Each structure stands twice: as structure tokens, then as C-alpha cells.
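Student: Could you take me on a close look at one part of this model, and then connect that part to other places in the chain and to the fold as a whole? I would like to know how well covered each place is and what lies around it.

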Amino acid sequence: MTQSLARIDHPRITHEWWRGATIYQIYPRSFADSNGDGIGDLPGITAHLDYVAALGVDAIWLSPFFPSPMADFGYDVADYCDVDPIFGTLADFDALVARGHALGLKIIIDQVYSHTSDAHDWFRESRADKRNARADWYVWADAKPDGSPPSNWQSVFGGPAWTWDARRGQYYLHNFLSSQPQLNVHNPDVQDALLATATFWLDRGVDGFRMDAINFAMHDPALTDNPPAPPSNSPRTRPFDFQQHLYNQSHPDIPLFIERIRALLDSYGNRFTVAEVGGMDNDREMKAFTANDRHFDSAYGFDFLYAPKLTPVLVREATERWPDKPGLGWPSWAFSNHDAPRAVSRWAAPQHRDAYARLTMLLLLCLRGDVFVYQGEELGLSQVEIGFEDLRDPEAIANWPLTLNRDGARTPMPWCAASPGLGFSSAKPWLPLGSDHAALTVAEQQDDASSMLALTRRLIALRNAHDALRLGAMTIIDASDSLLVFERSVPGETMVCAFNLGAEAVRWQPRDAHRWRIIDQVGTVDLVRLAPFSGLVAMATDA
């Protein structure tokens, strides 16, 4: 169903560009290959920015493109202030920024401040001896008397978080791969160096940063052992899962460093920061990292990214933790990204995926906060099954077959079924193409008014047209069984959003049904009944 956007008779609310924004995540390796090497690159992104702008999004977020050995595909940074040759050059980046800005798109890039690659010049100097200028730029510690690591801390990717280095005669800390040594962000010189890298990119015109794994930025200098995690019914595939991570991350001084980052961005004006914060204590940390106007603007929650099922209760619990209160940060939501299996495959059986992709896009774009749409989500792409021989993700390889398999969400963007590599590359892509993605290409959906792509464009336009959806307060009315209903409102405009997340029809009628007019929907709905996997947005006619 396509409805014309309701005319707005009251003045629009003035707000920061990022508040309530829709942000499109691009994974550069997998978006578009311009030079035929099977790997996506910056010129490939630039060539497709018209497509991205036509979605109606406010900004793009680029995952890392910096020089890197690619042990963790760019999150192991070897040089913060350059572009890896596989992605292009600094001139290519400048051209991307210029084209994006000409199309009205803001540009957000990743910043990785908790660790570098072991190929970074900083680490090469630091490990040389205990007396050099950067000796204290990373987390080094002596062995225990028996030669064992300084603490019991475990790495996210498996095994101890400490690796012995014979040159220093000490262990160094790494919360991820052993080739990702932990920066000592307690050191003011390290903070200054990181702020200098931020300045480098701000001077090149970026509009904001997504701060990767920022809660890992500081550790307990006393190297206190982590206590064991309480018993759990969930399977534990990594030693990391057996601990409460009280001391290897989440140090109380992190917000003080965030204040320095915020002050730098404020000096440029109109910039945006969003923190990635995972872990068992992430709600407290997200609040601390976004409190008042001296910290980050928003925090990127994990409530939905690894959830095996989407339920009304999950939506209620996640959104009600972010009420509209003074001093509380602004939330950001994503259902899929490069680190999590695609939501449509986690949440829906194959025969229901098309309907569920439509339903969840409507839900995402009705939530209060910023929303992140992962490349291909607007096409309804499913998770790709990757055989062991084709895996590239170090975590997936280490934990095979008990793994979340990030590679299956990182497969190439399908542009055109009639072109080699589905239009992604003329060479063999770095990851296999999805077997069912040829029917979902941009070219197949581009001119189809009933396609998932057309729906996404329409729903983003709906969100952009209504302050109630973009900025308004959110009040849960019903979150029981498969029925989810909430209101979004600003003075002069009230919307009700209703969703049936289940496979059976449900009866639902808004109070004072005569007040409401449906302005958009997915599936078969009216103001009495919601078919399976359907939803609607209705406007109060007397607001």
C-alpha cells in the first residue's frame, strides 16, 4: 500500500541534523569494486552514492578503510591517517566526501581507539625496549613469578588476552586478536595522538565518528583478575564468556577521555559521535558515555543485533531504557550490521522472510532514536551460508562450527543479476555471492513500485516528513504476545504504530478509532485486524 505523505500544517521542529537521522552503513570491502580485484573500494562507493542518496538517508557510515594487514579486516589499524591501497587513496576519499556532500549526505567514519595493529609504527617502537619514547603507549606487564600471564583476562576472539614478547621481556595486552595490541589510553600522550588522528579526518570534511569498542579503551592498571561469570543456560563458545569483564575494560576514566573527544568535535561544529558499546554492562556504560552535552551524542545498542527472536517485550525493554529525559543520551538502533547475522535470517523462516523484511523495516524506521540501515537491508538480503573453506573471519574460523559467522553478513552487494559478480566485481569476489541474491539485486528492484527497495525509500521519506516519527516521544501501549503498539508524538502531531510480529492474525483497535487515519502500512491491515507479519502507521486526525 502506498499512501501520500500527510500534509503537515504546523511548523517543523528545529534540530541537529543527526537527531532522528537514518544512517546507511557501508562495508567498503563488499559494496562495489571499481578496479576488478574482487574487493570493494572507495571509488566504487563514490560511483554509487546517487543510489544511496535516493534512499533518502541523512548520512553514510563507512567501516574502516585505513592501512591494515587485514587480520581483522581493517579493525587492526596500521596507520590512522591514510587509506589502504586496496581501497584507494586519500584523493579518492576526498572525492567521496565531496560527492557525498554535494548529494546532501553526511560522512561518518570509524575510529578505533582501543587498539592498533601490531604493524603500526607506534607498536613497533613500543616493543623495541622499555625505555623508548613510546614504551608506555601500549599495555605491557611482567610475567608472574611462574612465567604465566599477568592476569586471567581472556580475549574476545579466544584464548588469553596476553601475549609474550621476547624483545621487551614482557606480556602485552590484546582484548581481540594477538595482532591487535591494546593501547594504553590512560597515557595523556596516547590520548593526544588519537585526538590528532581525529583532527586529521575532521579537517578532511568528515561529519562524525562511530567509536569502535570504546568501552575497551581503558583497563584496570592494577591488572586485577576478572571474577567468573554466573552460571548460564546459553552455550559458551569462548573462554571470554566465562568471565565478568570488570577489569580488562570499562574503566571509570573513559568518560573523561570522551569529554576531550567531544570538545574537539564541538570546536568544528555540527559534528556527530556514536559509541559502539557491547557487553553485559553496556546499558550503564552507554548512559555514562552519552550523559549531558559533554560526551558522545549517541550510543549504538546491541539489543537487537544478536537477538535470536524479535518480540514485543524485547522492543519494550530496549526502548524504555532510553526515555526522553534531560541529560540522558540519544539512542541509536540497528537490526543488522557487519558483525551480526542478518536479522531477516535470524528472525524469520525462509518462507516468511520477504514479509518480515518489510515489517522490520517499518518497525526500525518508527523507533525513537537514530536508525542504522546496513547495506543490502533495503533489498531484503538474507544471511549467506559460507563453507569453512571460504571463511575469512578470524573469529568464525577459530570457533567453527559454533560461531555467529560474520562473513555471511559481509558478502558482496548485488547490483545487477545480468552482470558478472552480480555487478559487484568483474573478478571473483573476496567472499561468495549469496545464492538467492540474484533475484534481489538493485536492478531487479529499482523500478518495481512493489519492491522492498521501493518500500524502504517510501518509509524513510515518511520518517523524514513527520517530526513525530523522527523526534517525538515514544510510549509503549501494548507489548504482549505478538502485538506491539506504541505512540510517537510531538506537539501538534501524534502517530500510532502497530505491528503483528507473529504468524497468526491478531485483532487490535486503537482507542477512539474514529480519530485515526492509516498513512502507511505493510501487509494486510486495518484499524480492527492485523494480518500475520503486518504493521501500520496511523495519524491522529484531531492532533
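Tutor: Gly423 counts as partly exposed in this predicted model, because its relative accessibility is 30%, and the band for that label runs between 20% and 50%. This glycine sits in the loop between α11 (394-398) and α12 (442-445). Setting aside the neighbours within four places in sequence, Gly423 is in contact with Trp415 and Cys416. A further reference point is Asp33: 390 residues separate Asp33 from Gly423 along the sequence, yet their C-alpha atoms are 8.7 Å apart in space.

From this loop, let us go to a helix. Arg470 belongs to helix α14, which covers residues 467-470. With a relative accessible area of 6%, Arg470 is buried, since buried means under 20%. Its contacts, again without neighbours up to four places away, include His15, Trp17, Arg19, Gly20 and Ala21. Asp58, Trp330 and Arg488 are also among the partners of Arg470, as are Arg463 and Asn464. Phe216 gives a useful contrast to the Asp33 pairing: Arg470 and Phe216 are 254 residues apart in sequence, and their C-alpha atoms are 31 Å apart.

Trp330 takes us on to a strand, as this tryptophan also touches Ser298. Ser298 is in strand β9, residues 298-300. Its relative accessibility is 0%, so Ser298 counts as buried. Besides Trp330, the residues that Ser298 touches include Pro331, Ser332, Thr290 and Asp370. Phe272, Thr273, Val274 and Ala275 are on that list too. As for Arg210, this residue is 88 residues from Ser298 along the chain, with 9.5 Å between the two C-alpha atoms.

Phe272 and Thr273 lead back to another helix, for both are also in contact with Leu265. Leu265 is found in α6, a helix that spans residues 254-268. The relative accessible area of Leu265 is 3%, so this leucine is buried. Leu202, Phe209 and Arg271 are further contacts of Leu265. Phe209 lies 56 residues from Leu265 along the chain, and their C-alpha atoms are separated by 9.5 Å.

Helix α6 also has a loop on either side worth a look. Ser250 lies in the loop between β7 (208-212) and α6, and Asn270 is in the loop between α6 and β8 (272-276). Ser250 has a positive phi of about 65 degrees, although it is not a glycine. Asn270 is not a glycine either, and its phi is positive at about 60 degrees. How well covered are these two? Ser250 counts as buried, because its relative accessibility is 16%, while Asn270 has 47% and therefore counts as partly exposed.

A word on the cysteines comes next. The structure holds 0 disulfides. Cys366 is in none, and the nearest cysteine sulfur, which belongs to Cys497, is 3.8 Å away; a pair would have to lie within 2.5 Å to count, so this one does not. Cys366 has 2% relative accessibility and so is buried, whereas Cys81 is partly exposed, at a relative accessible area of 25%.

Finally, here is the fold around these places. The protein chain has 14 helices and 18 strands. Its radius of gyration is 23 Å, close to the 24 Å from the globule rule for 543 residues, so the chain is as compact as a globular protein of that length. The C-alpha atoms fill a box of roughly 75 × 50 × 50 Å along the principal axes. Of the 543 residues, 59% count as buried. Among contacts between residues at least 6 apart in sequence, 68% join residues at least 24 apart. The chain exposes about 20300 Å², with carbon and sulfur atoms supplying 52% of that area. The side chains include 47 positive and 69 negative ones, and the centres of these two sets lie 3 Å apart.

Technical notes
Residues numbered from 1 in each chain as written. Predicted model: local features only at pLDDT ≥ 70, side-chain atom pairs only at ≥ 80, totals over all residues. Heavy atoms only, no water. Helix = DSSP H or I, 4+ residues; strand = E, 2+ residues; numbered from the N terminus. Rg over C-alpha atoms; globule rule 2.2 N^0.38 Å. Buried < 20%, exposed > 50% of the residue type's maximum accessible area, 1.4 Å probe, protein only. Contact = heavy atoms within 4.5 Å. Areas by Shrake-Rupley, 256 points an atom, 1.4 Å probe, with all protein chains shown as cover. Lys, Arg positive; Asp, Glu negative; His and termini not counted. Charge placed at Lys NZ, Arg CZ, Asp CG, Glu CD.
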